[in-house]
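Q: I should like a close look at a single part of this model, followed by an account of some other parts.

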Amino acid sequence: MGKYAKLPASPIALGDLVREVQEREGIEVIRFDVAEPQFPPPEVALEGTIEAIKSGLTRYTPPRGLPELVSRVCQYLKVTRSLNYSEEEVIITPGAKFAVYSALKTILDPGDEVILISPYWVSFKSIPLMLSARVVEVRMKKPYGLDEEFLKGAINSRTKAIVINTPHNPTGWIFTKEELKVIRDLAIDHDLFVISDEVDWAYIYEGEHVSPASMPGMHDKVVVIDSFSKVYSMTGWRVGFAAGPKEVINDMLAIQQHTVSAPATFAQWGCLKVLEHVLNDRTYIDSLIKLCRFNRDYIVKELNSINGIECPKPPGAFYLFPSIEALGIHSDVLVRDLLSYGVAVAPGYLFGSEFKYYFRICYALPKEMVISGIERMKKYFSMRTYSKN
């Protein structure tokens, strides 16, 4: 057995199962399972990347990243989140996931503890375990919201960091200012770092996105993680970035120098063109938000019309985390059964062992795909239950 064989599986691994079903049974599968927007990226992303390749911009960039992109990210964070970072406090990474890895590698020593808000994005657990750190899970209130007392009780002398992502994967919750104030106070009182994954920052339907780094006293305690994957549908570019205290970013830079060197050069140029465009024009982002709001409302209404399914309507992101506990269907069984109907979802237990009767839906898909997928799901559930009147 391999060293990491017991780590929680990533939802990305479900792709092999989907492909197997497609090839064996010839079924076209609608994929609600993977957190990947099924939209074309901005045209300027394609143009900028192709232009870079044709212009010979194919050699290494500095390990911190393309200097022009680092500078533009500083501006981007100020415009979108009112954050003030110098270029020495920013690093461009090969995807947000590597930024999370290098940040936790910098902050944690073996035996240290990191707090996760449960349910959580699965890599938030796997990465600390690979680093020989301990994970402490703090479950959200039902259906959503920070459990302040549970969080306070989870902190001890070994705690080094709290990891959050807002908007939240897999529930779509947006942490409120009041909840972030609780986290801020605990971070200051106990000298903790906060890893703030904000890759879905633009997907806001109700409420507002607030970065914990924008709160008083938190500039030097927060590492902000972001990428071009979710908001700009640029998953294949594999470009992310982090901003935080200079000493943390410097250590992350050292890790990057000796592992991946730097993100792909031409991909960074494509990302630069996107930021140059979107800082002056939100048309692309606004169109995605409008579509995803429709998808959210439609799916929530349709799933809640089925006896035994409980699907709260979240205020942000493009995820839903319905409960099928009343139906007694384990999410592993649900995943296999739905594939035969041409629908893929992610099993809830990937996001915490307590969630075996939940499943995650990612709805950043074209409207017609969403409608078709939900009709297939309703057909499956109609074999087990009756729709409400």
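In which helix is the place of N295, and which residues is N295 in contact with, leaving aside its neighbours within four places in sequence?

A: The model is a predicted one. In it, N295 has its place in helix α10, which comprises residues 283-304. N295 has a relative accessible area of 0%; because buried means under 20% relative accessible area, this residue counts as buried. When its neighbours within four places in sequence are left aside, N295 is in contact with Y363, L365, K367 and V370.

A second buried residue, I174, is found in a loop, namely the one between β5 (159-165) and α7 (177-190). The relative accessibility of I174 is 5%, and I174 is therefore counted as buried. Residues up to four places away in sequence not being counted, I174 touches T166, P167, E179, I204, E206, E208, H209, P315 and G316. By contrast with these contacts, A45 may serve as a reference point: 129 residues along the chain separate I174 from A45, and their C-alpha atoms are 28 Å apart.

The helix that follows this loop, α7, has 14 residues. From its first C-alpha to its last, α7 reaches 20 Å, which is close to the 20 Å expected at 1.5 Å a residue. E179, one of the residues touched by I174, is also among the buried residues of α7. The others in that list are L180, V182, I183, R184, L186 and A187. The cover over the buried residues of α7 includes α6 (148-154), β5 and β6 (193-197). Thus β5, which precedes the loop of I174, is also part of what covers α7. After α7 comes D191, with a positive phi near 55°.

Elsewhere, a pair of helices may be described through their packing. The axes of α4 (residues 96-107) and α5 (residues 123-130) come within 10 Å and cross at roughly 40°. Because of this angle, α4 is oblique to α5. The crossing in which α4 passes α5 is right-handed. On the side of α4, the contact is made by K97, V100, Y101 and L104; on the side of α5, by S123, F124, I127 and P128. Six of the residues of this contact are nonpolar, one is polar and one is charged. As a general matter, an α-helix has 3.6 residues a turn, so residues three or four places apart point the same way.

How values were computed: Residues numbered from 1 in each chain as written. Predicted model: local features only at pLDDT ≥ 70, side-chain atom pairs only at ≥ 80, totals over all residues. Heavy atoms only, no water. Helix = DSSP H or I, 4+ residues; strand = E, 2+ residues; numbered from the N terminus. Buried < 20%, exposed > 50% of the residue type's maximum accessible area, 1.4 Å probe, protein only. Contact = heavy atoms within 4.5 Å. Axes fitted to C-alpha atoms, helices over the stretch in contact; angles between N-to-C directions. Parallel < 35°, antiparallel > 145°, perpendicular 65-115°, else oblique. Left-handed = near helix turned anticlockwise from the far one by under 90°. Nonpolar A, V, L, I, M, F, W, Y, C, P; charged D, E, K, R; others polar. Expected span 1.5 Å × (residues − 1).
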